[in-house]
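Got your viewer open and a hand on the mouse? Let's take a walk, one selection at a time.

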Amino acid sequence: MSGHTLTEKILAKASGKKEVSPGEIVIARVDALFMHSPRYKFKHFEKIGGVKSVWDGDKVIVAVGHHQFLPSSQEYADAVTFVRKECKRYGIKHLYDMGTGNGHYLMLEKGHVWPGAVAVGSDSHTTAYGCIGCLASPMNFETSEVMLSGKAWFKVPPTLLVKLEGTVKRGVSARDVAQHVLGIVGADGALWHAVEFDGAYLRRLSIQQRMIFSLLTTEMGAMCGMMETDAVTLAYMEGRSRQPFEPVYRDTDARYAKVLEIDVSELEPQIAVPPQPSYTKPLADAAGKKVQQAYVGGCTGGGIEDMRMAAEVMRGRKVHPEVRLIVVPGTVAVFEQMMKEGLVEVFTSAGALITPPYCGPCQMICVGHLGEGETMIGTHPRNLPGRAAADTEIYLASPYSTAAAAVAGEITDPRQYL
Amino acid sequence: MGMTMAEKILARQSGRKEVRSGEYVTAKVDQVCIYDSFIDIDKGMEEAGIEGGLQRVWDKERVVILIDHGAPAMDKNVKMAQKHVAIRNLVKKVGLPHFFDVKAGICHQVMVDKGYILPGSFVVVPDSHTTIYGALNCGGTGIGETEMAWVLHFGELWFQVPSTLKVEVSGALPDGVTAKDIFLHVSGTYGTEVGQYKSLEWTGPTIDDLSLDGRLCIANQSVELGAKFSLFQADQKTLDFVKSRAVRSYEPVAPDRDATYETTITVNAAQLEPLVAQPHGLEVVHPAAHYRQVKINQANIGGCANGRLEDIAWAARIMKGKTVHPEVRCIVGPASWVVYKEAMQAGYLETLIDAGVIVCHPHCGPCTGMMGALAPGEVCITATSRNFKGRMGSPEANIYLASPATVAASALAGHIVDPREVI
Amino acid sequence: MAERIIKGKVVKLGDYVNTDVISPGRWMREGLEVLRLHTMEAIRPDFYKDVQPGDILVGGRNFGCGSHREPATAIMEVLGIAAIVADSVARLYYRNAIAFGIPVFAVEGISRMVEEGEELEITLGAERVTFRNTTRGGELSALPIPETMAKVLEAGGVYKLLKQRLAEGI
């Protein structure tokens, strides 16, 4: 009998089984449920009637400030007021209100997930929490069921293992590597799979940088994207977890559907070109493309390390007159840290706009909407057409590259500014 | 016979030695600023059958264009972003060098920051709060976009010379009582028509002691008294502020000793308390303590009325080491990036973020309800400029208007509170 | 100004009708046709249903106070309001109405002289403007609109005057 992957072991434990294999359907207990727009789920509860409370108020997290730092429409203001009331009504203990930030960062920052936990979220980027060895998977309307039962069904996925080795060049960041991986695997390359990451390069990354990899697995069609717990994870979780946890480790003889080994040493800055996050190209291929808006933020670019990278490029420089640079801290803690480190000063001196924390103009909700014919480069995870006006182009890149484009007015190699 | 400041400004601008209140003059304009509605002028001209719309202005150096109401383009609706693209194209077409896009902040603060507002000058903007410039001894008054089309072509517009209401303020403001409370005292005591069509002149030792931020607040709010101008004399504070940034030369105005005033109001600042105007206007005003039982959901500080360093300093002073009440959303929006930076360097923004305040980028959103709209039944206390029914969202929301100190204290308490309880 | 008579049914509002109420921010962005449905909503829902083209809007104190927003004036044209008469009119609203070519008058006492649904006749004479309640009597008079503003009104508003002036060549 062969050993098991991280995914298989967590699902086994969570469904009370000794072991599980790919293809099996299991029912797993859920340790955390994340939502940002539960309005219609509460309306659904009204319709079915008889709902008294969620299964465990401590395990449901609602972040109404995820998409907007302040309601930018009357509809949203009314919806949030309704959600606040309903959260109280159903005993939901964790409501992150307007201005508190991007829900995915909050889930990690505030210890709502932990190594070995099972988390689901009504947002495709829920895979993010895999970075601490938590099995985190997106689902949407189904979460109304999870809210009541505290359980979710899973089809045990086969696992794709991605091993990242080597050291990146200066000016090449975790985003470039993650983008490269996404490009190789492709938009459906991990369909119905779990993705697990390992390798010397990966183990040197901070939790926040690992989060980028976990998060982007959703753009590969993956069900989850995890890393094993290590010293970095344990240091991050110190004093943070809401309950004691027991990390899960993969067996040395675990069986993988596929193993991808990537050496990052020769990697150049990468960029995702329209119309898909998986359309990864060397940044040089897109150089010269004029941009009107640049955005540092989002769940793959709103952390303090991302801000430091962008600030490195911006320091002493000015945003190009024809460009709007919007900087969006991921959470209040990130915003505070940016202030302390003088990064806010760097950005404001450069002529950038800094908004309160939220997820940013990734979906063109709140502020930063593009007009027809405009082009944006950003550190966020998704550039699908229709996210903005029909005739716009969105490029995805590292904080270095995004800041560089903001200075130059066009896509350009950031290393000239470092 | 001598002239008031308004008479002197309009005399100078219309090339006359002397003018009297009641007369109609055609006055040259020194400076204009137009924000998001700039594109409406081009559209209005086209709709009126003027081919090519707006093609030129009378003097490119005297026109500032920026985007502040919907900055950066908001909502999941491409219309606003489209409007911004159209504004940028229009600015290029006409060739206007002074364009700040979404990147500088709220128009009136940007104009002041960047030295376009000068003592003795005459400025019009398609915005009611243009009276704000009076704080820097500048005759500022609001017009509409349609009339602005005329000004853009000819650099002048017709005005009636207003009579002047003098407001004499003496007595030391007690701690916790601010310039905003002086204004609320006037609107609460004399009503919102006391300055209708008039020029206001603010004088007295209290006014002399007021910071420029305080004067800007009073001048800004004066439009709610019906005022055409709200003028302060230029003193050392004004001149020191202006000299390092003035875009052109200027000559302050002061009223003649024998100028004629229609009425004089006196205010004893030493007897003032923190005041609150209740929904839905600025006429019914009571001391903050009177409203202690009013629970709030949102607290706003910012806008062109109270988005300056002194206002943010009040919030930081009151909120230092404390936290916003869990059921309250507190928004602080510096009025421009210059103010944002100053507030940050002073440590105020960090204090506010630590307290759980939503520190916004400079834009007009929260004042107008375009950002942070109120749901039916909600209550907001604000240090922005207006509390009319439905202004900030639902007509079934209630808005109370007060000073930044009162708003900050209330944000901590979860209900309206006299700030002197916490300072 | 040439003598002219404006006659119409009175639609009456109270004191301090401000421009946030006339033109709510939320609907202002959606264009005048949508705004029309929400004009005065906070104080009189479905106001647009009560208004017929040719009606005269009568207000109390400080009509049009508040923000300068032009849709609050433009909407009068869309509703077909023939004239606005109030006990007092806010300065900026007055300017904007004239700039749009909408006759506007501040006449102390008008709100006590007419009621909703009655007929008001405004005669613009050379020396005076008279306001007559033709339904149950009552008359007020005021000074004529000053010549400077009258010229704008006669041209049909500032854009029309601008068109004329540009056509003449500057």
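Start by selecting B:D59 and B:R62 and showing their side chains: the two meet in a salt bridge, with N and O 3.1 Å apart. Keep in mind as you look around that this is a predicted model. Are these two partners buried, partly exposed or exposed? B:D59 is partly exposed, with a relative accessible area of 25%. B:R62 is partly exposed too, at 22%. Buried would require a value under 20%, so neither partner gets that label.

**Next stop: a strand in chain B**

Stay in chain B and pick residues 164–170, which make up strand 7; B:K166 sits in this strand. Now add B:E168, the salt-bridge partner of B:K166, and look for the closest N and O atoms, 3.9 Å apart. Because the cut-off for buried is under 20%, B:K166 counts as buried with its 19%. B:E168, on the other hand, is partly exposed at 31%.

What else touches B:K166, leaving aside neighbours within four places in sequence? Select B:E201, B:T203, B:Y261, B:T263, B:T264 and B:I265, and you have the answer.

**Hop over to chain A**

Select A:R29 and A:D31. Here is another salt bridge, and its closest N and O atoms are 2.8 Å apart. A:R29 is partly exposed, with a relative accessible area of 33%, while A:D31 counts as buried at 7%.

For something more tangled, select A:E196, A:D198, A:R203, A:R210, A:E228, A:D230 and A:R250. These residues are linked in a network of salt bridges. If you searched the whole structure, you would find 66 salt bridges over all chains.

**Colour the two domains of chain A**

Give residues 6–13 and 23–262 one colour for domain 1, and residues 271–417 another for domain 2. The C-alpha centres of these two domains of chain A are 24 Å apart. Where they come together, 39 residues of domain 1 are in contact with 41 residues of domain 2. The area buried between the two domains is about 3,000 Å², and carbon and sulfur atoms give 56% of it.

How many salt bridges cross this domain interface? There are two. To see a salt bridge from domain 1 to domain 2, select A:R170 and A:E312: their side chains meet with N and O 2.7 Å apart. The count of residue pairs in polar contact between the domains is 21.

Now highlight helix 4 (103–109), helix 6 (174–185) and helix 8 (207–216) of chain A. Each supplies at least two residues of the side of domain 1 that touches domain 2. Colour that side by class and you get 11 nonpolar, 22 polar and six charged residues.

**Where chain A meets chain B**

Zoom out and show both chains. 48 residues of chain A are in contact with 42 residues of chain B. Together the chains bury about 3,600 Å² between them, 61% of it on carbon and sulfur atoms.

Five salt bridges are found across the interface of chain A and chain B. Try selecting A:E374 and B:R88, whose side chains meet in a salt bridge with N and O 3.5 Å apart. The chain interface also has 14 residue pairs in polar contact.

Which element of chain A gives the most to the side that touches chain B? Several pieces each supply at least two residues, among them helix 3 (74–89), helix 11 (332–340) and helix 12 (343–350) of chain A. Helix 3 gives the most, with six residues. By class, this side of chain A has 23 nonpolar, 14 polar and 11 charged residues.

**Last stop: a covered helix**

Finish by selecting residues 399–408 of chain A, which form helix 13. This helix is mostly covered, with nine of its 10 residues buried. Among the buried residues are A:P399, A:Y400 and A:V407. To see what covers them, show strand 14 (293–296), helix 10 (304–314), strand 15 and strand 17 (375–378) of chain A, which are included in the cover. Then step just past the end of helix 13 to A:G409, where phi is positive, near 85°.

Methods
Residues numbered from 1 in each chain as written. Chains lettered and ligands numbered in written order. Predicted model: local features only at pLDDT ≥ 70, side-chain atom pairs only at ≥ 80, totals over all residues. Heavy atoms only, no water. Domains from an automatic or database assignment. Contact = heavy atoms within 4.5 Å. Buried area = accessible area lost by both parts, 1.4 Å probe. Salt bridge = Lys/Arg side-chain N within 4 Å of Asp/Glu carboxyl O. Polar contact = N/O pair within 3.5 Å; in protein donor to acceptor, adjacent residues only side chain to side chain. Helix = DSSP H or I, 4+ residues; strand = E, 2+ residues; numbered from the N terminus. Nonpolar A, V, L, I, M, F, W, Y, C, P; charged D, E, K, R; others polar. Buried < 20%, exposed > 50% of the residue type's maximum accessible area, 1.4 Å probe, protein only.
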